[in-house]
Amino acid sequence: MLSNITEPDRARFETDGFLVVDRLIETAILPRLHRAFDDLFRGKFETGVRPDEVNWQQQTGDPSLTRQICNGWKASLDIAGVVLDERLGRMIGELAGWPGVRIMIDNVICKPPGAKSLGFHQDSAYLSWFTPSDLLTCWIALDDTHADGGTIEFVRASHRWQPGAPEGEFHAPRDYRLPMRNAAAREGVEAEICFVEVGAGGGSFHHGWTWHGSGANAGSTPRRSLVLHAMRSDVEYDPDHFDQGIGPIYSRYRRLGDNLLDENYFPILWRQDGYRTPQLETYLNR
Ligand SMILES: O=C(O)CCC(=O)C(=O)O
């Protein structure tokens, strides 16, 4: 049974800055998603479109690193079927109390046994080019996850800490928790780290300011996850913060004459009034 958001879920998310969920997607689709991951990291792009960020490829990638691709939905219809799902959009909207939900970006992440950590960070510290700049992320485990297998870790209630500036490396830093420990020291608190340990198909939601990262994979199985970073449906480009975090790739999608976000690149997954970007169904059923 796939989860729905309940009032206690909302209260927990509000208090902790994250919520762990047993089941987010049907386990029957996991083999297809595993194959889609293999294809993407081998450079096989089903739709003919290259994902926006290809940070690791089989032929050239450093095998000690965690593999990452951003906006796999543009290359793989199996990935698209998950991260453009209306149901996940609704869950995010209900958790956040937003009128509607757009995808900002997806992350395809694979951490094989032995692969290195991803540094602790706050997503919102890197992303203030749109307004309102609220962000909420759904992290889906495609393998069973364990504390020693490099699963994602959250610091409880850290979404209430002072917003920090970007600090440290994301890929394979020397001490992956250091920026978070520095922030905890500034805050004068002891960080309470919570590992997301779920079966494949489960996962979590986290607030844009919640501190999170993940250690090296000391286990014997890969740790794959599919991540949906979402924003409100009514966001616009923020001309006053346009240079903050958008970078050369996503700034290309800006329209010439106004600050509206183009639904071809940032589709609306769900809105309270029933609207959903109409072209999504055509794309998903190609
Ligand atoms: O999967 C991970 O280890 C980190 C993912 C992440 O940074 C995120 O979901 O925001």
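1. The protein contains 7 helices and 14 strands, where helices (H or I, at least four residues) and strands (E, at least two) are DSSP runs numbered from the N terminus. This is a predicted model, in which local features need pLDDT of at least 70 and side-chain atom pairs count only at pLDDT 80 or more, while totals for chains, interfaces and linings use all residues. Residues are numbered from 1 along each chain as its sequence is written.

2. On overall dimensions, the radius of gyration of the protein is 18 Å, which agrees with the value near 19 Å that a compact globule of 286 residues would have; the radius is taken over C-alpha atoms, and the globule rule is 2.2 Å times the number of residues to the power 0.38. The C-alpha trace spans about 45 × 40 × 40 Å along its principal axes. Of the contacts between residues at least 6 apart in sequence, 82% join residues at least 24 apart, a contact being two residues whose C-beta atoms, placed from the backbone, lie within 7 Å.

3. An open sheet of 4 strands follows the order β5-β11-β8-β9 with antiparallel pairing, two strands being paired if DSSP finds at least two bridges between them. Its edge strands, each pairing on one side only, are β5 (118-121) and β9 (193-195), and the twist from one strand to the next averages 25°. Strand β5 is joined to the antiparallel β11 (residues 212-214) by 2 bridges, and H121 stands opposite H212 in β11.

4. Helix α5 (residues 178-187) lies across β5, β8 (152-155) and β11, and runs at about 20° to β5; axes here are lines fitted to C-alpha atoms, for helices over the stretch in contact, with angles from 0 to 180 degrees between N-to-C directions.

5. The ligand is surrounded by I109, L118, D123, T137, W139, I152, H212, S214, S225 and V227, a residue being near a molecule or strand if its C-beta atom, placed from the backbone, lies within 6 Å of it. Two or more residues of this shell come from each of β7 (136-141), β11 and β12 (223-232). By class the shell divides into 5 nonpolar, 4 polar and 1 charged, with Ala, Val, Leu, Ile, Met, Phe, Trp, Tyr, Cys and Pro counted as nonpolar, Asp, Glu, Lys and Arg as charged, and the others, Gly among them, as polar.

6. Buried residues make up 45% of the 286 residues, a residue being buried if 20 or more other C-beta atoms, placed from the backbone, lie within 10 Å of its own, exposed if 12 or fewer, and partly exposed in between. In helix α4 (residues 86-96) the buried residues are L88, G89, M91, I92, G93, L95 and A96; just after α4, G97 takes a positive phi of about 75°.
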